Amino acid sequence: MSSVVDSRTTPTKEAATLTPPMTPPLQSKALKSDVVPSDIDIPDNYVSWTLKHQKERPPIGWHNWWQELEWISCLVLTVTPAIAIWGAFNVQLKWQTAVFSVLYYFFTGLGITAGYHRLWAHRAYNASKPLEYFLAFAGAGAVEGSIKWWCRGHRAHHRYTDTALDPYNANEGFFWSHIGWMLVKPRRKLGVADVSDLSKNEIVRWQHRWYRSLILLVGFVLPTLICYFGWNDAMGGYVFAGAARLCFVHHSTFCVNSLAHWLGDTPFDDKHTPRDHMVTALVTIGEGYHNFHHQFPMDYRNAIKWYQYDPTKWFIWVAAKLGLASHLKTFPDNEVAKGQLTMQLKRLREKQEGLAWAPDSNDLPVVSWETFQQQAMKRPLVIIAGFIHDVSSFMDEHPGGRHLIAKMIGKDGTTAFFGGVYDHSNAAHNLLSMMRVGVLHGGMQHGLDDKRVPPAQRLRVARYTELASPYASSTACSDSEGMLG
Ligand SMILES: [Zn+2]
Ligand SMILES: [Zn+2]
């Protein structure tokens, strides 16, 4: 059966064939019923076992491609654009039909985004029966399979993102995740994902039962009739509001699996491929903030900022105001902010690691006052805050003049540096730290902590493993104000 027009697999069959041998066989008796979660007896090692042992279909080559094609999907996905292209050159586009086609695009597209995706696949809100019927009807016009089949694949996509158990695994490339996965038979069975809640839903069952009739009715008959009775343009209705519109809806929603896993950045998490981008949002009726979506899939929003383009969110919000939807789920702002902060810190850490820092005091030789004195006869060494600095490269650059540094060679310039002669800037202190060549034995007097840590190293991005180290206080944590505050 086709991936585009019908249901192909049931969780019951998969679960039974995927069971690793080391676990008790699934209770086929219980699984006979659609209402028992298909993953109720899922073994702990399910993912690794399945990836390792499950057989894939043979590679596609010249000898077998015709056996491996998903013919009905191929036909739907090639004939539809062919009709649209033919129509573009041979059928006059009336302005009423043009406007209607765009509206019909949003109508059927929202059936997928607000219905199939956010309502049924993710249960991001509750819909009243009239709204559920409306979305099931509209979604059928997008000709992307029944709700049950679509959500089955989408839940596997979220559960096994970027693995071979993800039906549109983005690691297989842009073409595969966009459309390739539908053109050929699945290379292996989808990962188990439960849709027993949908099996119990009367509207989902209704749509599944009448699916073939509904796609013809909503996909083609209805737009043709509306354009015919509205402004006597049956042919335009069929070509533009039917075929061309369907082609746009198809590739628009397919972009959620391809473009949204390829273009943009990862403000919430970079473990997997999903990305946020405004362009993706524009072409997918607001499904473009996909990095957010994969982190917080039960959130009814994709875009969390008011100015970001997410008409699907606006639609659900308006439906709630009209009393047609309720229980709109949002992830707590505090937890969303944690995800963002994690990524911001990660980027700051990369920047931090890209800079050169003063040598760690543990890596510097500890030198006695006498040795320091001897060495200072040979090269310009100055002590500041317990550290010995070789200032030879800097003496001529010193804005206050060479003479002020020369005066301090072989001496402790701490007081002079920190305000006695001039209260040096943070930048000067940072630069000074780069000239450290040793630590004066017994030179770490109390009260010098603030002066020993250069300003650029007082607030640093540190990993938790580093914080646990005995040197945490000098490499990580926060500045003293933060600690006291
Ligand atoms: Zn995704
Ligand atoms: Zn999703």
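**Figure 1. Close-up of Leu 345 in helix H17 of the predicted model.** Leu 345 belongs to helix H17, which spans residues 333-353. The residue has 14 other C-beta atoms within 10 Å and is therefore partly exposed, since the buried class requires 20 or more such atoms and the exposed class 12 or fewer. Arg 463 stands 118 residues away from Leu 345 in sequence. In space, the C-alpha atoms of Leu 345 and Arg 463 are 10.0 Å apart.

**Figure 2. Close-up of His 327, in the loop that leads from strand E2 to helix H17.** Strand E2 comprises residues 325-326, and His 327 lies between this strand and H17. The phi angle of His 327 is positive, at about 50 degrees, although the residue is not a glycine. His 327 is classed as exposed because 11 other C-beta atoms lie within 10 Å, and the exposed class covers counts of 12 or fewer.

**Figure 3. Close-up of Asp 162, in the loop between helices H8 and H9.** The loop that holds Asp 162 connects H8 (147-159) with H9 (174-183). Asp 162 has a phi near 70 degrees, a positive value in a residue other than glycine. With 17 other C-beta atoms within 10 Å, Asp 162 is partly exposed.

**Figure 4. Close-up of Phe 174 in helix H9.** Phe 174 is part of helix H9. A count of 15 C-beta neighbours inside 10 Å places Phe 174 in the partly exposed class. Leaving aside residues up to four places away in sequence, Phe 174 touches Ser 258 and Trp 262. Asn 257 is 83 residues from Phe 174 in sequence, and the C-alpha to C-alpha distance between Phe 174 and Asn 257 is 8.6 Å.

**Figure 5. Close-up of Ala 193, in the loop between H9 and helix H10.** Helix H10 covers residues 196-199, and Ala 193 sits in the loop between H9 and this helix. Ala 193 counts as buried because it has 23 C-beta neighbours inside 10 Å, and the threshold for burial is 20 or more. The contacts of Ala 193, not counting residues up to four places away in sequence, are Arg 152, Arg 155, Ala 156 and Arg 159. Ala 193 and Cys 151 are separated by 42 residues in sequence and by 9.2 Å in space, C-alpha to C-alpha.

**Figure 6. Close-up of the largest nonpolar core, with Trp 120 and its contacts.** This core has 63 residues, of which Trp 120, Leu 135, Ile 147 and Cys 151 touch the most other members. Helix H6 (residues 95-121) supplies the largest share of the core, eleven residues. Trp 120 touches Gly 115, Ile 147, Cys 151, Leu 198 and Val 204, with residues up to four places away in sequence left out. Another core, of 17 residues, lies apart from it and includes Phe 387, Val 391, Met 435 and Leu 440.

**Figure 7. Close-up of the packing of helix H12 against helix H13.** The axes of H12 (residues 211-231) and H13 (residues 234-257) come within 7 Å and cross at roughly 140 degrees. The two helices, H12 and H13, are therefore oblique to each other, because angles count as roughly antiparallel only over 145 degrees. The crossing of H12 past H13 is right-handed. On the H12 side, the contact involves Gly 219, Phe 220, Pro 223, Thr 224, Ile 226, Cys 227 and Tyr 228. These residues meet Ala 234, Gly 236, Gly 237, Tyr 238, Ala 241, Gly 242 and Leu 246 in H13. By character, the residues of the contact of H12 with H13 are nine nonpolar, five polar and no charged.

**Figure 8. Close-up of Phe 418, in the loop between helices H20 and H21.** Phe 418 lies between H20 (414-417) and H21 (426-433). Phe 418 is partly exposed, with 17 other C-beta atoms within 10 Å. Its contacts, not counting residues up to four places away in sequence, are Asp 423 and Lys 451. The C-alpha atoms of Phe 418 and Lys 451 are separated by 8.1 Å, and the two residues are 33 residues apart along the chain.

Definitions and conventions:
Residues numbered from 1 in each chain as written. Chains lettered and ligands numbered in written order. Predicted model: local features only at pLDDT ≥ 70, side-chain atom pairs only at ≥ 80, totals over all residues. Core = buried A, V, L, I, M, F, W, Y, C linked by C-beta atoms within 7 Å. Helix = DSSP H or I, 4+ residues; strand = E, 2+ residues; numbered from the N terminus. Contact = placed C-beta atoms within 7 Å. Axes fitted to C-alpha atoms, helices over the stretch in contact; angles between N-to-C directions. Parallel < 35°, antiparallel > 145°, perpendicular 65-115°, else oblique. Left-handed = near helix turned anticlockwise from the far one by under 90°. Nonpolar A, V, L, I, M, F, W, Y, C, P; charged D, E, K, R; others polar.
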